[in-house]
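Here's a quick tour for anyone meeting this structure for the first time. Take a look at it, and then we'll walk through a few of its parts.

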Amino acid sequence: MTTGQHAHSQEVVIAIDAMGGDHGPHVTVPAAVRILKENPNLNIILVGLTASVEAELKALHITPHPRLRVQHASEVVLMDESPQSAMKNKKDSSMRVAINMVKTGEAQACVSAGNTGALMATARFVLKTLPGIDRPAIASTLPSEKGSTFMLDLGANADCTPEHLYQFAIMGAMVVSCISNKPNPTVGLLNIGSEDIKGNEVAKQAAELLRGSHLNFYGNVEGDDIFKGTTDVVVCDGFVGNVALKTTEGLAHMMGKFLTQEFKRNWLTKLMALGAFPVLKAFKKRLDPRRYNGASFLGLRGIVVKSHGGADSIGFYHAIHVAMEEAQSGVLKRIQAQLEIEHLTSSEQS
């Protein structure tokens with residue numbers, strides 16, 4: 001039996017910040033109801049203003065369900081609110097209460113589409129980092145020619161030391177080994193060339209740490225390797241990772257727009273578009289960003305997944321799915337075990 005097959009038989013409870021994101025319960029509640037119906041071992045706690053959440057459940061004709069309950073939280077963190085304000089003044093927010101449930105063990109994971117800065121600050125304050133991890137990182141799956149590539153950090157840490165990149169590599173490799181059933185995933189260090197002499201001092205020192213680790217370190221990879229699927233995991237600092245992610249999103253948007261403009265150019269191209277419709281539809285589905293929604297905050301003593309704030313119910317459904325997989329597959333224990341193998345949990349580790 002594979003790890004994944006065993007893991008998916010386990011029951012799991014997920015706390016959802018029902019008020020988070022641009023659309024709140026209109027998106028979070030339908031997504032939660034859908035994934036609950038598809039997964040008999042999943043339990044969900046919808047955290048938020050009871051009246052708003054129950055109104056959405058009523059609109060969906062959802063009767064009381066033994067695996068679904070609503071937990072009242074009297075406050076909501078605004079999308080433009082500062083992390084400091086959210087932490088100091090919103091102690092009964094739907095975001096904070098959902099994270100508290102992970103802290104107490106009432107839930108194994110939390111999902112929110114809310115304010116990213118507030119979510120990271122609150123999660124770090126409440127849950128703390130794992131022994132051996134200095135800073136949490138934002139990680140997500142990106143499409144590649146070979147299926148997908150797991151990449152981190154995507155924006156939590158603009159400045160990183162070689163040790164931070166080493167820690168990110170451990171966390172990324174353990175997530176892929178748990179979720180994708182790859183016992184020894186390859187790890188690439190994002191650089192400006194594949195040769196060992198390329199890159200700045202941080203990258204060179206990080207590469208040395210990775211060569212001496214127990215991870216399956218491939219070596220340096222370049223930007224195009226992310227989408228070639230050269231390695232299972234790509235590691236970089238949050239500054240580079242966020243620039244790469246936003247560049248990718250912008251490029252995909254531009255290509256889609258150009259393609260639409262060309263097909264609408266005249267009656268002949270419109271006719272050709274009709275013939276190509278099945279191919280275009282399949283192409284769009286493969287690159288649908290909603291399928292890759294759900295970024296993990298790795299390195300915390302609990303599972304927290306961030307959905308895109310503007311996600312629709314399909315996108316939010318995929319974010320819940322990420323949290324469910326991580327909780328069921330024992331990602332946290334695998335990361336902790338690997339940190340011990342790498343001797344990073346001792347007190348002298350910075």
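Let's begin with helix 8, keeping in mind that this is a predicted model. The buried residues of helix 8 pack against helix 7 (162-179), strand 7 (186-190) and strand 8 (216-221). Which residues of helix 8 (residues 201-211) are buried? They are Ala203, Ala206, Ala207 and Leu210. These four sit on the same side of helix 8, because they cover an arc of only 105° around the axis.

Now for the biggest cluster of greasy side chains. The largest nonpolar core has 35 residues, and Val47, Ile99, Leu127, Met151, Leu190, Phe297 and Val304 touch the most other members. Here are the elements that give two or more residues to this core:

| Element | Residues |
|---|---|
| Strand 1 | 12-17 |
| Strand 2 | 42-48 |
| Helix 5 | 94-104 |
| Helix 6 | 116-127 |
| Strand 5 | 137-144 |
| Strand 10 | 295-298 |

Domain 1 (7-133 + 299-349) and domain 2 (161-282) both contribute residues, so this core lies between them. Apart from it there's another core, of 33 residues, with Ile133, Leu165, Val176 and Ala207 among them.

Val47 deserves a second look. Leaving aside neighbours within four places in sequence, Val47 has contacts that include Ala15, Ile16, Met19, Ala73, Val97 and Met101. Gln71 is also in contact with Val47, and Gln71 is the bridge partner of Val47 in strand 3. Strand 2 and strand 3 (residues 68-72) pair in the parallel sense, over 5 bridges. Add helix 3 (residues 50-59), and together with these two strands you get a right-handed β-α-β unit.

Methods: Residues numbered from 1 in each chain as written. Predicted model: local features only at pLDDT ≥ 70, side-chain atom pairs only at ≥ 80, totals over all residues. Heavy atoms only, no water. Pairing = 2+ DSSP bridges. Right-handed = clockwise from strand over helix to strand, strands pointing away. Buried < 20%, exposed > 50% of the residue type's maximum accessible area, 1.4 Å probe, protein only. Arc of directions from axis to C-beta. Contact = heavy atoms within 4.5 Å. Core = buried A, V, L, I, M, F, W, Y, C linked by side-chain atoms within 4.5 Å. Domains from an automatic or database assignment.
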